[in-house]
Amino acid sequence: MDAREILTKYYEFANAGDWDGWCDLFADDQVMDEQLAGHIEGLETLRSMMKGMGTMYRVFRNEPVHFLVDGEKAAAVSHLTAVSASGEAIEAEVMNFFRIVDGKIAYMANHHDTVPFQVLSQG
């Protein structure tokens with residue numbers, strides 16, 4: 001898969017709640033800087049962390065708005081709409097940066113306003 005196909009699958013898997021398929025897009029030695037979860041190294045750490053996504057949200061939709069691809073670097077702007085496990089609505093604009101090597105996500109960083117996600121720690 002090329003970078004654009006990987007980005008498309010990234011959002012398709014996330015919106016389908018297919019977190020195993022989503023994790024399969026990442027390299028074994030992936031590094032992620034996630035705004036809420038922090039610095040995450042290694043695919044198995046990421047896989048273990050993502051097992052909680054199904055209980056964290058009643059609804060989770062992350063719709064891509066723009067993709068920019070430049071060789072192994074890519075960026076995606078998206079709009080996230082979610083409902084927490086306690087029923088609180090979450091809306092956020094999100095920017096993800098990716099470095100894609102040999103058809104896998106080697107590095108990803110995401111950036112968004114953290115205020116809408118404060119409801120996750122209140123439930």
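**View 1: Helices lying on the sheet.** Helices here are DSSP runs of H or I with at least four residues, and strands are runs of E with at least two, both numbered from the N terminus. This is a predicted model: local features need pLDDT of at least 70, side-chain atom pairs count only at pLDDT 80 or more, and totals for chains, interfaces and linings use all residues. Residues are numbered from 1 along each chain as its sequence is written, and side-chain values use heavy atoms, leaving out hydrogens and water. Look for helix α1, residues 3-16, which lies across β1 (26-34), β3, β4, β5 and β6 (104-112). Helix α1 runs at about 170° to β3 (axes are lines fitted to C-alpha atoms, for helices over the stretch in contact, with angles from 0 to 180 degrees between N-to-C directions). Helix α3, residues 43-50, also packs on the sheet, touching β1 and β2 (contact means heavy atoms within 4.5 Å). The direction of α3 makes about 60° with that of β1.

**View 2: The whole sheet, strand by strand.** Follow the order β2-β1-β6-β5-β4-β3 and you will have crossed an open sheet of six strands with mixed pairing (two strands pair if DSSP finds at least two bridges between them). At the edges are β2 (38-41) and β3 (57-70), each pairing on one side only. On average, neighbouring strands of this sheet are turned by 20° against each other, direction ignored.

**View 3: β4 meets β5.** Strand β4 (residues 73-84) runs antiparallel to β5, and 11 bridges join the two. Among the bridge partners, Ala-82 goes with Ile-90 of β5, and Ser-78 goes with Val-94 of β5. The two strands form a hairpin with four residues between them. In its turn, Gly-87 has a positive phi of about 95°.

**View 4: β5 meets β6.** Eight bridges join these antiparallel strands. Asn-96 has Asn-110 in β6 as its bridge partner, while Val-101 stands opposite Lys-104 in β6. Here too there is a hairpin, with two residues between the strands. The turn residue Asp-102 has a positive phi of about 55°.

**View 5: The two faces of β5.** In a regular strand the side chains alternate between the two faces of the sheet. The covered face of β5 holds Ile-90, Ala-92, Val-94, Asn-96, Phe-98 and Ile-100. Its uncovered face has Ala-89, Glu-91, Glu-93, Met-95, Phe-97, Arg-99 and Val-101. Zoom in on Met-95, which sits in β5, residues 89-101. Met-95 counts as partly exposed because its relative accessibility is 34% (buried means under 20% relative accessible area, exposed over 50%, and partly exposed in between, with a 1.4 Å probe and protein chains only).

**View 6: β1 beside β6.** This pair runs in the parallel sense, linked over four bridges. One of the residues to find is Phe-26, whose bridge partner in β6 is Ile-105. Asp-29 also has its place in β1. With 60% relative accessibility, Asp-29 counts as exposed. Its C-alpha atom is separated by 24 Å from that of Phe-67, 38 residues apart along the chain.
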